[in-house]
Structure formats: structure tokens, C-alpha cells
Amino acid sequence: GETFTAVAQMLLEETSENARPEIGDLFATALQTSKLSRVMAVRLYSPEGRFLDSVPFDARDRELSPEDLAALNNLHPLSFFEPDGDLDSVFAFKIPDHLPARTPLLHIAIPLYAGSERELAAIAYYTLDGNPIADEFREVDRSLALQGAIVFTAGGSLFLIAAGIAWWRLSRAQRLLRERTRRLLQANQELSLAARTSAVGAVSAHLVHGLKNSLAGLNEFVKSAAEGPESRTDPEEWESARESAGRMRAMIEEVVSILRDDDQTTQYEMNVEELVELVDARIASLDGRDGNTYQSRVEAGGSAAVSGRDANLITLILTNLIDNAFRAGSGGCAVSLNVAGGGNGDGLVFEVTDNGPGIPLDVRENLFSPRKAGSNGGTGLGLAISYQLAQHLGAELALTESGETGSRFRLALPEHNTGINRRDPAP
């Protein structure tokens, strides 16, 4: 529109001699301007929008809106693009069959004026073939579509990468949370177990001091009764009662002895071989009874030493494990104690193995928790107390194997609890 206006004004000034050009000069200028590019029809209108003339002669009149007339009276050119224009609205005669009835059209309306007053003299209205502009629009659409696809692909890729990183971090946080939750639950169970066994220990300590003298008197009574005339009615039962009272008194004395050792200032050490000999002596009364057999073996680290207090606690744990194995076997059970480690900075490992029936699955889940006594004459507290004693030592007590061929318990004592690297052991 700007180009057509500039060319028309240049031609009008060259052809018109009057300050106000005639209609013929104006129409001639419009026709000369129409030679610029793909013009299909030219119309001439008065400043008021009245149709004056056209080329070709069958070009239809197109009414100009008040807004268009106002813009043209202010000497502003206008342009309108129809992507799907109707040629019947442009020409009055029938369109030849070889021409498309609908095609892109470009309409341009320019003001024609002359002189210094710049007063509108006429309006030239051009209808052009709009295919070139339609091609440019299609090219722009393709370019925009390509750019949009590139931006969408790049943005989608960045979003997927960011989402993947966020998902990985979230999954990692969830894994850490699950692991911490598991550890908290485990710590809570251990604290609960420690509280329960500590309560049992406190009650046991109170009972130990209260039962010591009573058991001594009971033992003397049973011993006298077993040797007196009362034993003649059922000597086996009185003998069994006497042995039971003796074992109970021995256990009480043993616990009291260990408690007394904790309060003493004198410290001593015991090597592994001596510790195993002490366990053997405790188990000697069970070896061979009811077809049971027991053997011990020290594979390495026989010179490693532990404090007397730790040795007593280890002896209690091992004795309890071996006694439990004999009780579970119900006769004819083979139990072995194996000691390894104690060299090259390693800790000591004690393993108690038996060929009994194994431990049921429902018992393994809370093996070291206090529970009801079983049918083998136990109290249901032995493994729980042994586990807490191992924790007190800084050791690890665990069931490593259990099945139809037997069970295996493992007591692992860390290196710092032994006297392996001590240069000046206490006497």
C-alpha cells in the first residue's frame, strides 16, 4: 500500500498540470500504477466513496466502510488479504472454466491527491492475485511450526531430564528413609529387649541375694532327709531332689561370685585355653548323661587373653548355649565348642554346634526375646539373658545355622576386648 501510494503520487504530479487533477488524470494514474504487480482489477472512487470507473469494465463495485473512508481521507493506504477469495465477487461476468472460482486475493486502497494542500482527490482500489502472499504465509507457518516443534522437543527433553533427576532423588530419599526407619525399628526392638532383660536382671539380682541363704538351708534339709529314714520310701526321688537343690545352690554361688568380681579392685586375665577348660569343667556333669556327648577344640589364638570378668560372662553364655542344646536334643545329642581367631589383630569367635532337631521358624523371629518356657525344662529367659550379656561385652551373638541336621550359634568377641596386643598383661 505504501509503495503503490508513492508511485501513484509521483505519476500524478508528472501528468497533472492543475493543482487539483481531473478525473481522467486520476484514472490514468491508477491504470499506470496497476502495472506494478499482478493487478487483476482497478476501481476509482470519489472521496465520498462513490464508484466512478473500473478496468476491466465488469469489475464489481466494492463498498467502502466508513472506517476505511476515514483512514483514506487522512491519506493512509489500506490493504486486505483474503486467503480464500471468491472471483465472482470481483467480476460481473462468468469466470472461465479454466480459472479457479476461489483463489487468494489481495485488496489495496490508496489515496490520490496533488498539490501542497494534500487534499484527497480520489481513491484507487486494486484487486491483486494473492498467491505470492499466500505462499509467503505458508512458508512462515512452516517455519513457525518447525520452531515450535524444536522448542517443544527441547523443552520436553529438559522436562523429562529434570523429572528423571527429581524422581531419582526422590527414590534415593525414600530408600534412605526406609533404611532409617528399619534401623529405628531395630533399635527400638533392641531397647525394648534391653529394658525387659534389664528388668529381669534386676529382679534376678534381688532374688539371688534373697534366695542364697534359703537355698543353703533347703540344700541341707534335703541332704539330711536323703540320708535319713525318709529316703527309704523313695530313694531315687530324694536323690534327684538333693541334686537339683545342689545345682540351684551352685548357680546362685556362681552369679554371686561374678557380681563380687565386678566390685573387686584386683584384676586378672585368662587365656582362651583356660577359658575353654573352665567351660569343659562346667559341662562335665552333662557329658555322657542320657547318651549326650560334648567336645571342645581351640583352632587358633590359644594365647589370646581376656579379663577375668569377661571370661566369666563368656563362660556363662557358652554354658547356657551348650545346656540349651542338650535340653533340645532330648538325649543322644552331640554338642561341640569350637574357638577360632585371636591372631593378626582378629577377635575371638566361639561356635556352639549341635545335631539336634533345629529351632522352629516361629521361634527364630524373636529368638533372643524373653518368652514362655518350652517343654524341655528351660525358663525361656536363657537366650535373652545371654544376648544381653553379649551386648554388654560388645560381642555379637547370632544363630548362623538351623535345620533338621542341627543348629549353630556364633559368639564373636571384637579384638579390643582381648589381650592379644597387650605388652604388659595384668598378673
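Start with a little cluster of aromatic rings: Tyr45, Phe51 and Tyr125 are linked into it by ring pairs. Keep in mind that this is a predicted model. A search of the whole structure turns up six aromatic pairs. In one of them, the ring centres of tyrosine 45 and tyrosine 125 sit 6.1 Å apart with their planes at 70 degrees, so this pair counts as edge-to-face. It bridges distant parts of the chain, since tyrosine 45 belongs to strand S1 and tyrosine 125 to strand S5, 80 residues apart. Both tyrosine 45 and tyrosine 125 are buried.

Now follow the strands that carry those rings. Tyrosine 45 has phenylalanine 51, in S2, as its bridge partner. Strand S1 (residues 39-45) and strand S2 (residues 51-55) run antiparallel and are joined by four bridges. Another residue to find here is leucine 44, which stands opposite aspartate 53 in S2. The hairpin made by S1 and S2 has five residues between its strands, and in it glycine 49 takes a positive phi near 95 degrees.

Step back and you'll see that the hairpin is part of something wider. Five strands make up an open sheet, ordered S2-S1-S5-S4-S3, with antiparallel pairing. S2 and S3 are the edge strands; each has a single partner, so one side of each is left without a neighbour in the sheet. From one strand to the next, the twist averages 20 degrees.

Helix H3 (residues 66-73) is the next stop. Its residues Asp68, Leu69, Ala71 and Leu72 are buried. Look down the axis of H3 and the buried residues fall within an arc of 165 degrees, so they line one face of the helix. What do they pack against? The partners of the buried H3 residues are strand S3 (78-86), strand S4 (102-114) and strand S5 (119-129), and these three strands belong to the five-stranded sheet. On the other side of H3, Pro66 and Glu67 are exposed. Just after the helix, leucine 75 takes a positive phi of about 65 degrees.

Further along the chain there's a nonpolar core to explore. The largest one has 39 residues, and Leu275, Leu318, Phe350 and Leu411 have the most contacts inside it. At least two core residues come from each of these elements: helix H6 (272-283), helix H7 (308-329), strand S9 (334-341), strand S10 (348-354), helix H9 (382-393) and strand S12 (406-413). H7 gives the most, with nine residues. To get a feel for the packing, pick leucine 275: leaving aside residues up to four places away in sequence, this side chain's residue touches Met270, Val306, Ala311, Ile314, Thr315, Leu318 and Phe350. A second core, separate from that one, has 18 residues, including Ala30, Leu106, Leu112 and Tyr126.

Finally, back to rings. A pair of aromatic rings is described by the distance of the centres and the angle of the planes. Tyrosine 45 and tyrosine 125, both buried, have been covered; phenylalanine 368 and tyrosine 387 form a stacked pair, 4.9 Å centre to centre with 25 degrees between the planes. Phenylalanine 368 lies in the loop between helix H8 (361-364) and H9, while tyrosine 387 is in helix H9, so the pair ties together parts that are 19 residues apart in sequence. Phenylalanine 368 is buried, with a relative accessible area of 14%, and tyrosine 387 is buried too, at 12%.

Methods
Residues are numbered from 1 along each chain as its sequence is written. Side-chain values use heavy atoms; hydrogens and water are left out. A nonpolar core is a set of buried Ala, Val, Leu, Ile, Met, Phe, Trp, Tyr and Cys residues joined through side-chain atoms within 4.5 Å. Buried means under 20% relative accessible area, exposed over 50%, partly exposed in between (1.4 Å probe, protein chains only). Contact means heavy atoms within 4.5 Å. Two strands pair if DSSP finds at least two bridges between them. The arc is that of the directions from the helix axis to the C-beta atoms. Axes are lines fitted to C-alpha atoms, for helices over the stretch in contact, and angles run from 0 to 180 degrees between N-to-C directions. Rings of Phe, Tyr and Trp (its six-membered ring) pair if their centres lie within 6.5 Å; planes under 30 degrees apart count as stacked, over 60 as edge-to-face and the rest as tilted.
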